[in-house]
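Here is a short lesson in reading a protein structure. A learner asks, and a teacher answers.

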Amino acid sequence: EASTLSDIVAKTLSILRDLFGFKYNTFLLVTGDTLRSFDIKGYEPTKVRLPLDGLGRNVQVAKTGAPLLVHHVQESPDYYPIKDTVKSKIAVPVKINDSVYAVLTVESTDENSFDETDLELVEILALQVASSIERINSEKERENLYQQMISEQMIAEQAKEMETLKTNFMSTATHEIRTPITSILGYSELIRDTLDNGDQSDLE
């Protein structure tokens with residue numbers, strides 16, 4: 001079972017390629033005001049960064065949260081040439097808590113390569129991806145809460161230990177200080193009694 005985002009994305013793109021026969025696939029991650037490539041299959045590895053206030057079908061999906069099936073990419077008014085060889089594509093949002101987390105794309109070098117059935121398959125896969133991401137996020141959150149609890153418990157135990165050390169120190173210090181004071185007071189009383197009696201022999 002996939003335990004990281006990288007694992008989930010790698011398995012997803014492999015399914016698109018090996019099971020569905022879609023050769024060119026990309027997983028684009030929404031990060032702040034940018035849509036950037038997280039993993040690519042079929043193309044040479046390249047870094048793609050698209051501003052969310054810019055053009056492009058992928059950006060449109062990220063902003064609207066609506067899937068797209070484009071038969072003639074280059075005829076689209078929002079066409080943004082990332083790969084000149086792309087002729088048709090599917091772009092589907094991956095949503096977490098009703099917000100677009102990523103965009104999953106499938107592309108072809110031929111026009112009219114995809115139909116509504118293909119779109120539905122990619123949408124189903126995107127739902128599975130979102131579910132897997134939510135699962136690992138929940139596991140991370142639980143782990144973080146557990147670590148926080150352990151940390152707070154350790155801090156409480158350390159505070160208790162420090163309080164015990166402080167109490168022991170104060171008790172010891174008070175005893176050490178009190179002992180010479182008691183001796184001095186006793187000797188002072190002896191001097192006072194001797195002086196009162198007029199006998200100074202005990203002081204010699």
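## Reading the fold, piece by piece

Q: Which residues of α1 are buried?
A: The buried residues of α1 are L5, I8, V9, T12, L13 and L16.

Q: Why do they line one face of the helix?
A: Look down the axis of α1: its buried residues fall within an arc of 120°, so they share one face. The general idea is this: an α-helix has 3.6 residues a turn, so residues three or four places apart point the same way.

Q: How many residues does α1 have, and what does it span?
A: Helix α1 runs over residues 5-18, which makes 14 residues. From first C-alpha to last it reaches 20 Å, close to the 20 Å expected at 1.5 Å a residue.

Q: What is the source of this model, and which pLDDT does the protein average?
A: The model is predicted. The average pLDDT of the protein is 81, and 74% of the residues score at least 70. Among the elements, β5 has the highest mean, 95, and α3 the lowest, 73.

Q: How many helices and strands does the protein have?
A: There are three helices and six strands. Along the sequence they follow the pattern α-β-β-β-α-β-β-β-α.

Q: Which residues have the most contacts inside the largest nonpolar core?
A: Start with the general idea: in soluble globular proteins, nonpolar side chains tend to be buried together. Here the largest nonpolar core has 24 residues, and L16, F27, V94, L104 and V122 have the most contacts inside it. At least two residues each come from α1, β1 (24-31), β5 (88-96), β6 (99-108) and α3 (116-197). The largest share, eight residues, is supplied by α3.

Q: Which residues is L16 in contact with, leaving aside its neighbours within four places in sequence?
A: L16 is in contact with G21, F22, N25, L104, V106, V122 and L125. Apart from the largest core lies another core, of 18 residues, with L35, V59, V73 and V86 among them.

Q: How many aromatic pairs are there?
A: The count comes to four. Take F27 and F38: their ring centres are 6.2 Å apart and their planes stand at 70°, so the pair is edge-to-face. F27 lies in strand β1 and F38 in strand β2 (residues 34-41), so the pair ties together parts 11 residues apart in sequence. Elsewhere, F20, F22 and F114 form one aromatic cluster.

Q: Is F27 buried or exposed?
A: F27 counts as buried because its relative accessibility is 0%, and the cut-off for buried is under 20%. Its partner F38 has 28%, so F38 counts as partly exposed.

Q: Where is S37 found, and what does it touch?
A: S37 is found in strand β2. At 14% relative accessibility, S37 counts as buried. Not counting residues up to four places away in sequence, S37 touches F27, L28, T46, K47 and V48.

Q: Where does P67 lie?
A: P67 lies in the loop between α2 (57-64) and β4 (68-70). P67 is partly exposed, with a relative accessible area of 32%. The C-alpha atoms of P67 and V92 are separated by 4.4 Å, yet these residues are 25 apart along the chain. Leaving out residues up to four places away in sequence, P67 touches A91, V92, P93, L119 and E123.

Q: What share of the residues counts as buried?
A: Of the 204 residues of the protein, 31% count as buried.

Definitions and conventions
Residues are numbered from 1 along each chain as its sequence is written. This is a predicted model: local features need pLDDT of at least 70, side-chain atom pairs count only at pLDDT 80 or more; totals for chains, interfaces and linings use all residues. Side-chain values use heavy atoms; hydrogens and water are left out. Helices (H or I, at least four residues) and strands (E, at least two) are DSSP runs, numbered from the N terminus. Buried means under 20% relative accessible area, exposed over 50%, partly exposed in between (1.4 Å probe, protein chains only). Contact means heavy atoms within 4.5 Å. The expected span of a helix is 1.5 Å times one less than its number of residues. The arc is that of the directions from the helix axis to the C-beta atoms. A nonpolar core is a set of buried Ala, Val, Leu, Ile, Met, Phe, Trp, Tyr and Cys residues joined through side-chain atoms within 4.5 Å. pLDDT is the predictor's confidence in each residue, from 0 to 100. Rings of Phe, Tyr and Trp (its six-membered ring) pair if their centres lie within 6.5 Å; planes under 30 degrees apart count as stacked, over 60 as edge-to-face and the rest as tilted.
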